[in-house]
Amino acid sequence: MQRWPVLLFLAWVCFLFFAGIGLFMSGFLLTRIELAHSSSCSDPLAPPPWDRQSLPPGSCWVPQRFSKAVLVIIDALRFEFAWFDPANVRPLPYENKLSFLHHLATSQPRHARLYRFRADPPTATMQRIKGLTTGSLPTFIDVGSNFATYAIQEDNLLAQLVQNGRRVVFMGDDTWEGLFPKKFFRSYFFPSFNVKDLHTVDDGILQHLYPTVDSGEWDLLIAHFLGVDHCGHKHGPDHPEMAKKLTQMNEMLRSLVDHLGNDTLLLVAGDHGMTETGDHGGDSEKEVNAALFVYSKTPLFGTGPAEEPETVPQVNLVPTVALLLGVPIPYSNIGEVMAELFPGNGDAPSAALQQLSVYHVNAKQVDRFLHSYSLVAQDLPAEQLQRLQELFSGAMEEHTQLLAQMEEATLVSPELESRLGSLIGRFQLYLREARAVCTQSWARFHPLRMVAGCTLIAASCLLCYVTSELATASDSFYRSCLLYPLLWGLVVAVLLGLACTFIQEGLDLLLVSSWAAAVSQVAFFWRWWGRQPKRTRLASSQPPLASVGLRQRLRAWLGLAFPMGILLFRCGAMFSDSFVVAEARVAPFLLASLVVLLVGKLHWDGRLTVPEGPKQQLLGFSSYRKESWYLLYLVAVLLVCARLSVFFHQCREEIPQCRPSLFLAPLASLRNTRAKNLFYLLCVASLVGLVCVVRCWLRHYGNLNSSDPLVLFVRWGFPLVVICIACYWAVASSAEDSLGKLQELVQVALVAFPWAVYGLVSVGLLLLLCNPMTVFAKDTRESAGPIVTPYLGVPSSEVDILHVIPQIYRRMQESLKSRLERGSCKATVAAYGLGSVYSAALVIALTLLGFLLLLLHSERMSLAFLLLFLEAFVLLHVHAHARSLAGDAELFAVPWHAVISWLLAASQFFYSTGHQPIFPAIHWNAAFVGFHLDHSTNLLPAVLVGANTFASHILFAGSRLPSAPALALCV
């Protein structure tokens, strides 16, 4: 078989899977349409002023209340961080640290107030910034651009300020630079992606904050602090470093208030919260529960605060700030204005009239947006839009009538005051119903696309299975079953493209690709099914299935039904929410079940017992083979590994009673020095144990006898990698305790040691790629010397693939033949490591990858990686001995139960390395292992975070590629 059909097939299969996944994602992660419209002061949204006078200068729609505003965003400021409880005498590190906010709220209740600031998921920084400036709801698909931010094209608060001649000054998180290019009068951006850096952004802001405030050359000043968020990612909230960061923020606010003028509004907000492990991105209560603090040196509120802080959605900040500063509300806003910040002239009727005015403007703006959006999109249900229109029309009619009566009346009677309150309630109901409809509609799915995507993926899996069963087919099969389907798919893609061009509709590349993939799959199965009669006639000489006994037929069927049944069960159960939540425990259960079923099948087939003699038949019992007891011992070890892997699991927010594993946190988070040292020694011991086991295995099979560069690297390079990783762990675990010049050395070491590991691993992989053979041969008449003749070239037939090792040995014999014939006596050739010629290279490569992936995890995850390698070794031997007991002579064919068990083990250790398929569980720290400053591009951090996330899949996939030779070796 030639090479090009295989490469073409692999490219085609990748296209099929990408098309299926893309189609599913387009139905699962829906996006809302962003309107290009923009609000302006000339929009006829505001009613005539009550006194029929024009608006004061610098005001749009309603009178401007403040000329300046300072927005301080403390990233990941959870509400509990800002709340102060005087009765708490033993606060946690994140409690009772922002005492200045409590002091302002209690000493000046009409000037300051604390709110629960509820974020809409996803709680990633970019999505929250988008919500805080547009007043709309970003969807989960926007998370993909969280670290590759794109400019916001939708109307937003900053654009309105700039459009109306206001000066916006920014300092802090450089995410804003990509979202709002050329919108700032002055800006001070600092790198934000390095979650290990707690001070660069905050110290940079503090350097410019007070001089900028005193200069007065600004109308809106935004300061986005990141230290609290980064401290949560690095240490978690319950850590002394969090107390230091919050104390620093408290002192910053104390100093900032002294620099503010009477015409300035201060807003202190958290964009989201954080979990107990310091992560965010999901929708748990602690992630969406942020804090908002409002303060002004002039009275803000007409009434005192409530007993419990009020909960305010984050989108409500946009219309509130816009009207307070006298600029139009952004066009796509769906937030509700915070009416208590518009108290009028102090008395109740004046406050009610002022609040009614802002609610009227807010409601007309939201109605205008819903009307415009419904004309270009079909996301919002028609019946719900009709109900919203009825609510709005009824409120507007009552508003017109009430306005006419208010103009005729000289005094506001209690009846009119009651009607004012009722009308305000109707506008509130309309705004909240509109936001609920949008939230529900933009969170809906497209079931047809999701089902079609799953169907494409399932058909692609079936196609791979059919092709694997026909791997020995001739080139004519590949031409007929691969080339023709590709041509059919290409023809369909071209026809669909031309059709879209003729009917003048936008070309949806995803749908075109999906149709092309589906047609090519149908063509493949049609061609494959058309060849079935030929294979049936060729196999007519075989005995018919009816002549085979029922038990034999069941055995043959169960050999494939058991592993495939478990695989289909796992895939089907992914549609169950409870299964997805509990998948961390289900994956090892399915793996253990598959292995136990495999042993049970061997017992049913009588492969575990010796043939029964007359004596055993007389006594009625059978004796088990020695290999059977060893197989059972391996199964027991596998079950113990599956049980131990549970200790490294991360928790999901859906399981509130779950407690995250203590192995997930880095050693730097431990306060007990003795416990830190003990865990450090245990982690280093696991590294040393892994290297010792690998070297002993290679030495046992004779792969460390030569003096080739790869062998020398295994002897000396492996210990050097372990030393570098151990030194990096030691420095990273004590980095926060170092002071002065020692801190500079620590920062250098934090970069140098990981790069040393990267370099050593790269050298090892390069040596392995250049010469993967570790075979050593010697003539018994002469001194030992390396005579290594690797197998060169591409196998040209199936026979070459099945007999590579004999060919290597034969070539070694030919290379020594002349030397042996020159001797006077016969001699023998000793070849060390020939039996493990494949497995040695595989073990070396996996060990190097294991070092690299382990470096990207926290120190205590080394125990999980040690368990991973142990389970992989045991699983490999289980299948090898099972094949030996089953009498399978085809050593180079991998059974399906081995492939599926390998897949389940990869899923098991995805969870057992501290991961979960949720945003808060992503290990962002991996992006900065070996990097002190921020990255210039997003590609490298994406690779590092991806390698950390899918470490188990990388290791198990890498070891599964040449699994046939590995199984053969174990046999």
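A disulfide is a pair of cysteine sulfur atoms within 2.5 Å. The structure treated in these exercises is a predicted model.

**Exercise 1. The disulfide**

Find how many disulfides the structure holds, and state which cysteines are joined and with what handedness.

Solution.

Step 1. Count the disulfides: the structure holds one.

Step 2. Identify the partners. Cys41 is joined to Cys60, with an S to S distance of 1.5 Å. This value lies within the 2.5 Å cut-off.

Step 3. Read the angle about the S-S bond. For Cys41 and Cys60 it is 65°, and the link is right-handed.

Step 4. Place the partners in the chain. Cys41 and Cys60 are both in the loop between α1 and β1, 19 residues apart.

Step 5. Classify their accessibility. Cys41 has a relative accessible area of 35% and is partly exposed. Cys60, at 6%, counts as buried.

Step 6. Check a cysteine outside the link. Cys724 is in no disulfide, and the nearest cysteine sulfur, that of Cys727, is 6.6 Å away. Cys724 counts as buried because its relative accessibility is 10%, and the cut-off for buried is under 20%.

**Exercise 2. The sheet**

Give the strand order of the open sheet of eight strands and say which strands form its edges.

Solution.

Step 1. Write down the order: β4-β3-β5-β1-β6-β7-β2-β8, with mixed pairing.

Step 2. Look for strands that pair on one side only. These are the edge strands β4 (186-190) and β8 (311-313).

Step 3. Note the twist. On average, neighbouring strands of this sheet are turned by 20° against each other, direction ignored.

Step 4. Take an antiparallel pair. Strand β2 (residues 112-118) and strand β7 (residues 289-296) run antiparallel and are joined by seven bridges. One residue to look up is Arg118, whose bridge partner in β7 is Asn289.

Step 5. Add the helix that lies across part of the sheet. Helix α11 (residues 317-324) lies across β2, β6 (264-269), β7 and β8, and it runs at about 165° to β6.

**Exercise 3. Strand β3**

Describe the pairing of β3 with β5 and with β4, and decide whether β3 is mostly covered or uncovered.

Solution.

Step 1. Treat the β5 side. Five bridges join β3 to strand β5 (residues 220-225), and the two run parallel. On this side Val169 stands opposite Leu221.

Step 2. Treat the β4 side. Here β3 and β4 also run parallel, joined by five bridges. Met171 has Tyr188 as its bridge partner in β4.

Step 3. Count buried residues. In strand β3 (residues 168-173), six of six residues are buried, and the strand is mostly covered.

**Exercise 4. Two positive phi values**

Compare the phi values of Trp61 and Asn96 with the general rule, and locate both residues.

Solution.

Step 1. Recall the rule. Most residues other than glycine have a negative phi.

Step 2. Take Trp61. Its phi is near 75°, a positive value in a residue that is not glycine. Trp61 is found in the loop between α1 (3-28) and β1 (68-74), and with a relative accessible area of 4% it is buried.

Step 3. Take Asn96. Its phi is about 55°, positive although the residue is not a glycine. Asn96 is found in the loop between α2 (79-82) and α3 (99-107), and its relative accessible area of 16% makes it buried.

**Exercise 5. The surroundings of Gln365**

State where Gln365 lies, whether it is buried or exposed, and what its side chain reaches.

Solution.

Step 1. Gln365 lies in helix α12 (residues 348-376).

Step 2. Its relative accessibility is 0%, so Gln365 counts as buried.

Step 3. The Gln365 side chain reaches the backbone oxygen of Tyr331 at 3.2 Å.

Step 4. Leaving aside residues up to four places away in sequence, Gln365 touches Leu45, Ile329, Pro330, Tyr331, Ser332 and Asn333.

**Exercise 6. Confidence**

Report the mean pLDDT of the protein chain and find stretches where the pLDDT is below 50.

Solution.

Step 1. The mean pLDDT of the chain is 80, and 80% of its residues reach 70 or more.

Step 2. Over residues 142-148 the pLDDT is below 50; this stretch has 16 contacts in the model beyond near neighbours in sequence.

Step 3. Over residues 535-548 the pLDDT also stays under 50, and the model has three contacts for them beyond four places in sequence.

Key. Residues are numbered from 1 along each chain as its sequence is written. Side-chain values use heavy atoms; hydrogens and water are left out. Two strands pair if DSSP finds at least two bridges between them. Helices (H or I, at least four residues) and strands (E, at least two) are DSSP runs, numbered from the N terminus. Axes are lines fitted to C-alpha atoms, for helices over the stretch in contact, and angles run from 0 to 180 degrees between N-to-C directions. Contact means heavy atoms within 4.5 Å. Buried means under 20% relative accessible area, exposed over 50%, partly exposed in between (1.4 Å probe, protein chains only). A polar contact is a pair of N or O atoms within 3.5 Å; within protein, one must be able to donate a hydrogen and the other to accept it, and residues adjacent in sequence count only if both atoms are side-chain atoms. pLDDT is the predictor's confidence in each residue, from 0 to 100.
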